[in-house]
Amino acid sequence: MAKEWDSFKLVEYVKAAGAKGRTKSKLQEKIPKVMRSQASSILGELKSSGAIRGPFKNRSDYYFAPQFAPTREQAEDVIEKPLRQAGTRLTARSDLEKKASGFHRTFFNDALASLKGEAKIVELQGGNKTTFYVHRDAVLEQLRLPSAVEPEQLATMPVQQATVTLDDIRPIYNTLKAEQGGISTVKIYDIMTRLGASKEDVHRILLREAKSGRVSLHPASTVKFPSDVMAAGIRLQGQADLLVTVVLKEDV
Amino acid sequence: MTSIFAELEVNPFEDDVVTEPRRVSFSVEGLNAKPLERLITQFRSLTKGNLPRQPIVDQKAQLVVSPDRGYGKSHLLGRRFQAVGDQATLIYVRPFQDPQRVWTSILLTTVQELERSNQDGVESQLEAFSKGVLAHVTADHMSDGPVKNQPLVQDAVKDLRANPLTMLGHTPKSKVLINWMKTKLQDQSEIRKLASLLKSRHVELEGREAAWLRVLAGYAFTKADGQERDAALKWLRAEPLEEEEVKTLKLAAADNNARADSSAQEINELSRSRLKGLCVLASYYRPFVFCFDQTEFYGGDRALVDALGRCIWDLHASFSNHLTIVTANATNWLQEVLPFMQPAYRDRFSAEINLEGINVDQAKELISKRLRDFQVDDAAALDFMGEGWLDAQFGSFAQLGVRDLLMRAAGRFRSLAAPSAKPPPRTSLDDLYAIEVNKIRANKALQRYSQDCLMWFVQVLAEGYEGVTVNKTDQRYFTVRWAWPDWSVYFAFEGGDHNARWRAIARDAIELGGPSRVAEAIVFRTPDLNAIPRPTWGAAKTVIEDAQRKGLRVAQLAVDEVCQLHAARELYSNALQGNINYVGADVLSWLKVHFEPWLKRYSGPMAERSPSVDEVVPIRVVPSARSRKRLAAPAGSMARELTKAQVGTVVEFVSAKKLVDINEVLKTLGDDSLKDGVLRAVENSPNLKAHPCPQTIYLQWRVA
């Protein structure tokens with residue numbers, strides 16, 4: 001039986017559990033006895049091939065199929081949503097921590113840092129060393145500033161049916177790359193023009209994918225591009241340089 | 001935590017540009033591992049099989065591309081040097097300036113790089129290369145001789161091939177072997193045999209096989225400051241040899257094929273031939289790795305771009321046993337280089353090797369290491385990155401450019417060291433320039449004669465000065481002219497010291513000046529070159545002195561001046577590469593103002609110049625003609641090597657203080673004039689590192 005056993009069965013078993021995931025011990029049980037001593041290396045191989053993700057700690061070690069695995073983005077939602085609802089009322093860090101239960105707790109610190117880095121939430125210090133948070137929208141409203149959509153927000157806006165996907169961009173990117181002699185740093189302007197898509201749509205997908213590491217975005221610090229090329233760039237808050245070029249990773 | 005950082009005199013993150021790939025000492029695990037692996041794999045294709053190998057050609061130049069500035073191009077070259085340093089001859093090529101003299105420039109750089117130290121303990125790369133080649137040629141000869149079946153001979157062949165540097169080292173056994181080889185090289189019939197052995201391995205040296213072997217032996221088997229070495233280096237640099245130098249190397253007269261009256265084009269062609277010879281000889285030993293860095297420098301000039309393309313094309317088509325690496329910023333390459341390069345040249349580059357950014361985990365490693373180097377403990381390092389600071393730097397991105405990260409870390413360091421201080425203004429060009437001067441001062445190899453830098457000064461920095469027109473001439477030596485309606489200054493770029501060539505230069509200078517003295521002719525010399533005229537010259541000295549009265553100036557630069565000039569070009573290159581927060585045009589404008597006293601000094605007739613404007617360059621006579629000694633004590637400086645005891649004092653003092661101003665070290669030594677000596681000691685110690693700052697240089701103790 002051991003000879004016929006395929007680790008793919010393990011992947012299917014994890015997948016079937018969906019967002020609940022499977023504990024390490026459950027997975028070990030699915031491995032034939034004669035091979036159980038190699039359980040760690042089997043799981044390690046599946047993990048490095050990208051077939052499963054984990055382990056995520058929540059009392060036990062859990063594994064997930066990639067599409068069901070918990071992410072930092074989910075943890076960000078868990079933090080951002082109540083803060084938005086709270087308006088100008090301050091929320092203590094400890095209260096936010098309570099909301100990030102289960103697997104989200106793993107990502108809590110990262111998610112908080114990311115939201116702060118993107119200026120989506122504002123951190124405030126209380127007199128008794130308590131840290132509070134408030135959503136940027138509430139601050140902008142109080143300051144009577146227009147709540148224009150920032151590029152960073154574009155990345156987190158829900159994807160609508162008509163918007164651009166990375167699959168739309170990739171063939172155009174590959175053509176542009178080939179046209180410039182195989183150099184993979186391509187101007188966002190060129191992609192936008194060839195694709196005929198709006199700047200917001202292209203920015204949204206590029207920022208989203210930059211988060212996951214599938215693309216990288218860059219300024220062009222050492223050349224002067226024409227104004228239309230610069231106008232197609234992404235401006236991040238607090239950064240002087242526009243991001244005007246993109247590299248799509250082949251192996252991610 | 002703040003107090004720990006406040007106490008440090010140097011910001012550990014401000015060193016964010018690699019000026020010298022050879023100095024790279026730390027790499028973050030996994031960062032740009034794939035690009036490095038690709039380069040190493042490509043290199044391995046040159047080292048397959050046992051030595052000697054058939055010449056290997058058809059290696060495309062490996063194009064390393066950075067998506068923006070600060071992704072580690074030069075750092076990658078440094079890691080490449082570390083990874084294969086004992087298997088390759090490494091040549092780091094800075095941008096050339098004259099499209100007509102590309103090979104002259106590359107050969108000069110190559111020979112200077114060959115003289116740099118070697119990873120496996122022998123004195124220089126050239127010593128390793130020449131001994132390696134000669135050992136394998138000798139082994140070939142022994143294997144082909146009448147006693148080839150003798151076990152003793154077979155053992156010697158085996159040893160020579162396995163340990164060429166040890167076999168030709170400094171042991172009594174080596175001495176016997178070296179003497180035996182010298183005898184063979186002096187015997188006409190034997191040298192013919194050796195030459196034919198080279199040919200049998202397809203090592204074609206345009207009929208100069210015997211000369212190459214004698215020149216390599218002249219370098220390998222003589223003292224570091226010997227006349228033979230000097231002559232061998234000259235021959236390798238495609239300079240003409242004096243008669244006594246030909247005799248010293250035991251060359252045939254025809255082998256002295258660099259003519260005194262050669263034109264720049266002819267010298268360029270001969271330089272190409274020498275470089276090709278070195279490469280083909282690498283069949284017997286280590287392949288060459290040529291690294292063309294800072295290519296943003298070529299961007300503004302179509303002729304330079306074309307010359308770069310032609311050079312890479314030629315290297316690919318005609319030179320064997322080498323791997324050429326070219327680095328570039330993607331946008332510069334796409335906007336300023338590729339459009340002006342012929343398709344045939346473009347095809348000589350490999351598919352791009354793309355550099356990657358640093359991720360959070362790698363960032364942690366890098367920041368921790370930088371702080372550890374300054375004796376900051378792990379807890380403080382964790383605090384430095386804590387409170388979400390590091391994650392916030394990455395924000396929406398999985399990766400950042402390494403220099404971006406270092407710049408942010410430098411800012412974080414400043415805010416922790418002085419929390420109430422306002423953010424500092426942009427570093428001024430005065431300070432950036434001063435840092436660059438101190439960097440050159442701290443690195444002796446960067447102070448050597450560079451015709452490219454001198455050409456850049458007279459062509460680029462002079463542009464726009466006092467209504468001057470800078471143009472190229474069709475003169476044999478004086479190839480650049482500063483022209484005003486009634487006055488001209490001509491410049492020649494000659495690093496050699498052949499008396500016939502200098503006589504010709506002197507004659508041309510007199511002719512250019514004419515009877516009414518409407519022009520002056522300048523040749524720059526740097527402290528590492530022999531003084532002109534040489535003390536032993538007779539007739540040539542008279543001709544040169546006569547020319548000096550009629551407008552020839554042999555402008556001897558002091559070490560400080562060389563540092564300033566080289567720093568200027570480096571600063572400009574840094575701007576073009578995006579290494580500093582200024583654009584090239586701004587830096588150039590600043591440099592033109594800064595160098596106005598220089599332009600004034602060299603633009604007017606000598607007679608009109610006051611001593612304050614021009615120190616008038618008396619002809620300096622360096623007492624010794626020995627290159628090594630010259631390097632140790634360059635003309636125009638008081639540079640002295642430290643004694644062993646002084647080196648010990650420096651090491652002890654810095655190890656106790658951990659980070660200390662060089663002026664404190666000099667106080668301890670009781671002699672302020674030992675600055676360059678101290679810097680040389682720092683260069684030679686794996687535990688010491690120099691941190692050039694605008695006003696001073698800090699010395700740091702590091703655990704090697």
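The following exchange concerns a predicted model and asks what supports several of the terms used to describe it.

Me: Why is Ser350(B) called buried?
Reply: Ser350(B) has a relative accessible area of 14%, and the term buried applies under 20%, so Ser350(B) qualifies. This serine is found in the loop between helix 16 (343-346) and strand 5 (353-354) of chain B.

Me: What makes the approach of the Ser350(B) side chain to the backbone nitrogen of Leu63(B) close enough for a polar contact?
Reply: The side chain of Ser350(B) reaches that nitrogen at 3.1 Å, and the cut-off for a polar contact is within 3.5 Å. The distance therefore satisfies the cut-off. Leaving aside neighbours within four places in sequence, Ser350(B) is in contact with Lys60(B), Ala61(B), Gln62(B) and Leu63(B).

Me: Why is the pair Glu14(B) and Arg414(B) called a salt bridge?
Reply: The closest N and O atoms of the two residues are 2.9 Å apart, and the limit for a salt bridge is within 4 Å, so the pair meets the definition. Glu14(B) is in the loop between helix 1 (2-7) and helix 2 (33-44) of chain B, while Arg414(B) is in helix 20 (residues 402-417), 400 residues apart.

Me: How do you know whether Glu14(B) and Arg414(B) are buried, partly exposed or exposed?
Reply: The relative accessible area is 47% for Glu14(B) and 32% for Arg414(B). Buried means under 20% and exposed means over 50%. Both values fall in between, so each residue is partly exposed.

Me: What makes Glu245(B) and Lys234(B) a salt bridge, and which helices does the pair tie together?
Reply: Their side chains meet at 2.6 Å, N to O, which is within the 4 Å limit. Glu245(B) lies in helix 12 (residues 243-249) and Lys234(B) in helix 11 (residues 227-236) of chain B, so the pair ties together parts that are 11 residues apart in sequence. Both residues are buried.

Me: Why does the pair Glu561(B) and Arg601(B) count as a salt bridge?
Reply: The closest N and O atoms are 3.0 Å apart, again within 4 Å. Glu561(B) belongs to helix 25 (residues 559-576) and Arg601(B) to helix 27 (residues 596-603) of chain B, so parts 40 residues apart in sequence are tied together. Both Glu561(B) and Arg601(B) are buried. Elsewhere, salt bridges that share partners join Glu20(B), Arg22(B), Glu113(B) and Arg116(B) into one network. The structure holds 48 salt bridges over all chains.

Me: How do you know which residues touch the most other members of the largest nonpolar core?
Reply: Of its 90 residues, Leu134(B), Leu168(B), Leu278(B), Leu281(B), Phe288(B), Phe292(B) and Trp333(B) do so. Members of such a core are joined through side-chain atoms within 4.5 Å. A second, separate core of 52 residues includes Leu432(B), Val480(B), Leu565(B) and Tyr602(B).

Me: What makes up the interface between chain B and chain A?
Reply: In the interface, 31 residues of chain B are in contact with 34 residues of chain A. The two chains bury about 2300 Å² between them, 54% of it on carbon and sulfur atoms. The count between them is 0 salt bridges, alongside 7 residue pairs in polar contact, both at pLDDT 80 or more. Helix 15 of chain B gives the most to the side that touches chain A, with 7 residues.

Conventions. Residues are numbered from 1 along each chain as its sequence is written. Chains are lettered from A and ligands numbered from 1 in the order in which they are written. This is a predicted model: local features need pLDDT of at least 70, side-chain atom pairs count only at pLDDT 80 or more; totals for chains, interfaces and linings use all residues. Side-chain values use heavy atoms; hydrogens and water are left out. Buried means under 20% relative accessible area, exposed over 50%, partly exposed in between (1.4 Å probe, protein chains only). Helices (H or I, at least four residues) and strands (E, at least two) are DSSP runs, numbered from the N terminus. A polar contact is a pair of N or O atoms within 3.5 Å; within protein, one must be able to donate a hydrogen and the other to accept it, and residues adjacent in sequence count only if both atoms are side-chain atoms. Contact means heavy atoms within 4.5 Å. Buried area is the accessible area (1.4 Å probe) that two parts lose on being put together, summed over both.
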